[in-house]
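Good morning, and thank you for making room for me at today's meeting. Please take a moment with the sequence and the structure before I begin to talk about them.

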Amino acid sequence: MDKQTFVEVMLNMAGSCLHEDTAYRFRQPVLLLCGVDDKLGNIRKAAEPWAKEDRNCYLHMIEHANHNSNQDNPTQVNRLIAGFLDLNQTFFREQEEL
C-alpha cells in the first residue's frame with residue numbers, strides 16, 4: 001500500500017471507528033508506554049492526562065525512545081512489561097477462572 005492510500009485508510013478508520021469518550025475507564029490494569037522523544041501525532045499529549053484520570057492506567061515514559069519505544073529501548077520496555085505482568089498476576093489468574 002502506498003503512503004497516500006495508507007493515509008486515506010487511517011483517516012477513514014479514525015473518522016468511522018474512533019471517538020472520544022471522556023467517561024470511559026478501563027476495567028482491568030493497562031500499561032501505557034510512550035517514548036520520551038515520541039513526536040508522532042498527539043500520543044504523548046493524550047497519554048499523560050489519560051493515565052492521571054484512570055486508576056487502572058499506568059503510564060511509563062521510555063528513555064531514549066521515539067514512537068517505537070519497544071525497538072528503541074527494548075531493555076526498559078521488556079523490564080516494564082515483565083514487572084507489570086508480575087504485579088498483576090493475581091488479577092490475570094482471576095480473569096482466567098471466570
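I will go through the strands, then one salt bridge, then the pockets, and at the end a single leucine. Please keep in mind throughout that what you are looking at is a predicted model.

Let us start with the strands, where strand 1, residues 30-35, pairs with strand 2, residues 57-62, in the parallel sense and over 6 bridges. If you would like one position to hold on to, take Leu 32, which has Leu 59 of strand 2 standing opposite. As a general point, side chains in a regular strand alternate between the two faces of the sheet. Helix 2 belongs to this part of the picture as well, for strand 1, helix 2 and strand 2 together make a right-handed β-α-β unit.

Staying with helix 2, which covers residues 43-53, how many salt bridges does a search of the whole structure find? The search finds 1, and the side chains that meet in it are those of Arg 44 and Glu 48, at 3.5 Å from N to O. Both residues lie in helix 2 and are 4 residues apart, which is about one turn of the helix. Arg 44 has a relative accessible area of 32%, so it counts as partly exposed, and Glu 48 is also called partly exposed because its relative accessibility is 31%.

Now to the pockets, and here a general idea helps: rolling a probe the size of a water molecule over the atoms shows where empty space is left. The largest pocket holds about 540 Å³ of space, and among its 12 lining residues those closest to the centre are His 19, Glu 20, Asp 21, Thr 22 and Trp 50. Its lining divides into 5 nonpolar, 3 polar and 4 charged residues.

The second largest pocket holds about 230 Å³, and it is lined by 13 residues, with Leu 40, Asn 42, Ile 43, Ala 46 and His 67 nearest its centre. Which element gives the largest share of that lining? It is helix 2, with 4 residues, while strand 1 also supplies at least two. In this lining 10 residues are nonpolar, 3 are polar and none is charged.

Finally, let me point to Leu 85, which lies in helix 4, residues 74-87, and which counts as partly exposed because its relative accessibility is 42%. The C-alpha atoms of Leu 85 and Pro 29 are separated by 9.6 Å, although the two residues are 56 residues apart along the chain.

Notes
Residues are numbered from 1 along each chain as its sequence is written. This is a predicted model: local features need pLDDT of at least 70, side-chain atom pairs count only at pLDDT 80 or more; totals for chains, interfaces and linings use all residues. Side-chain values use heavy atoms; hydrogens and water are left out. On a 1 Å grid over the protein atoms alone, a cavity is a set of points where a 1.4 Å probe fits but cannot get out, and a pocket is an open set with protein on both sides within 12 Å along at least five of seven lines; lining residues have an atom within 4 Å of a point. Grid points are joined across faces, edges and corners, and a volume is the space filled by probe spheres set on the points. Ala, Val, Leu, Ile, Met, Phe, Trp, Tyr, Cys and Pro count as nonpolar, Asp, Glu, Lys and Arg as charged, and the others, Gly among them, as polar. Two strands pair if DSSP finds at least two bridges between them. A crossover is right-handed if, with the strands pointing away from the viewer, the path from the first strand over the helix to the second runs clockwise. Buried means under 20% relative accessible area, exposed over 50%, partly exposed in between (1.4 Å probe, protein chains only). A salt bridge is a side-chain nitrogen of Lys or Arg within 4 Å of a carboxyl oxygen of Asp or Glu.
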